[in-house]
Amino acid sequence: MEYLGLAGRLVIGLVFIVAAVPKLRDPAAFRSSVAAYKILPEALVTPVARALPPLEVAIGVMLLTGVLIVPVSLLAALVLVGFAGAIWYAGERGSEIGCGCGGRRLQTGSRALVAGNAALT
C-alpha cells in the first residue's frame with residue numbers, strides 16, 4: 001500500500017508540473033484563458049494568472065520530493081476541485097476556453113475533464 005501512495009504522489013506531482021509549463025511559457029495566453037472563464041473580477045485575473053503556475057510547480061515539486069505531504073496534498077486537492085468547478089462552469093455555458101492543462105489550447109469544458117480532475121483529487 002505504501003508504494004501505491006508513493007506512485008500516486010509522484011504521478012500527481014508530475015501532472016502539476018506538466019500543467020504549469022505551458023502557462024509559464026505563454027503567460028499572456030494563460031491570462032486570457034483565466035479572463036475567459038468570467039468567474040473572477042477583472043482586478044483578480046492578472047494576480048491569479050501570475051500566481052497559479054508557480055503554485056502548481058511548487059505543489060508538484062513538493063509532492064515529488066515528499067515535503068509536507070499532507071498539507072500539500074490537501075492544497076493540491078483544493079486546486080483540482082477549483083479547476084474542476086471552473087471547467088464545469090465553462091462547459092455548462094458551452095464556452096471554448098484555453099485551459100492551459102497539459103498544453104491543450106481551446107477546448108470545450110467537458111465531463112471528461114471534470115472527471116479527470118476528480119480522479120486526481
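**Note on the helices, loops and surface of a predicted model**

1. K38 belongs to the loop that runs between helix α2 (27–36) and helix α3 (42–65). The model is a predicted one, and what follows should be read with that in mind. The phi angle of K38 is near 55°, which is a positive value in a residue other than glycine. K38 has a relative accessibility of 64% and therefore counts as exposed, since the cut-off for that class is over 50%.

2. The two helices on either side of this loop can be described by their axes. Those of α2 and α3 come within 9 Å and cross at roughly 130°. Because of that angle, α2 is oblique to α3, an angle over 145 degrees being needed for the pair to count as roughly antiparallel. As for handedness, the crossing of α2 and α3 is right-handed.

3. A positive phi also occurs at L68, where the angle is about 50° although the residue is not a glycine. L68 is placed in the loop between α3 and α4. With a relative accessibility of 53%, L68 counts as exposed, because the class begins over 50%.

4. Helix α4 covers residues 69–93, and its relation to helix α1, which covers residues 2–25, is given by axes that come within 12 Å and cross at roughly 50°. That angle makes α1 oblique to α4, as angles under 35 degrees would be needed for the two to count as roughly parallel. The crossing of α1 and α4 is left-handed.

5. Within α4, two residues deserve separate mention. I87 lies in this helix and is buried, because its relative accessible area is 6% and the limit for burial is under 20%. Y89 is also found in α4, but Y89 is partly exposed, with a relative accessible area of 34%, a value that falls between the limits of under 20% for buried and over 50% for exposed.

6. Which residue is 50 residues away from I87 in sequence, yet 8.4 Å away in space? That residue is Y37, the distance being taken from C-alpha to C-alpha.

7. The last point concerns the surface, where I39, L40, L44, W88 and Y89 make a nonpolar patch of about 460 Å². Y89, whose relative accessible area of 34% makes it partly exposed, thus contributes to this patch from helix α4.

Definitions and conventions. Residues numbered from 1 in each chain as written. Predicted model: local features only at pLDDT ≥ 70, side-chain atom pairs only at ≥ 80, totals over all residues. Heavy atoms only, no water. Patch = residues over 30% accessible without salt bridge, like charges linked within 9 Å, V, L, I, M, F, W, Y side chains within 5 Å. Areas by Shrake-Rupley, 256 points an atom, 1.4 Å probe, with all protein chains shown as cover. Salt bridge = Lys/Arg side-chain N within 4 Å of Asp/Glu carboxyl O. Helix = DSSP H or I, 4+ residues; strand = E, 2+ residues; numbered from the N terminus. Buried < 20%, exposed > 50% of the residue type's maximum accessible area, 1.4 Å probe, protein only. Axes fitted to C-alpha atoms, helices over the stretch in contact; angles between N-to-C directions. Parallel < 35°, antiparallel > 145°, perpendicular 65-115°, else oblique. Left-handed = near helix turned anticlockwise from the far one by under 90°.
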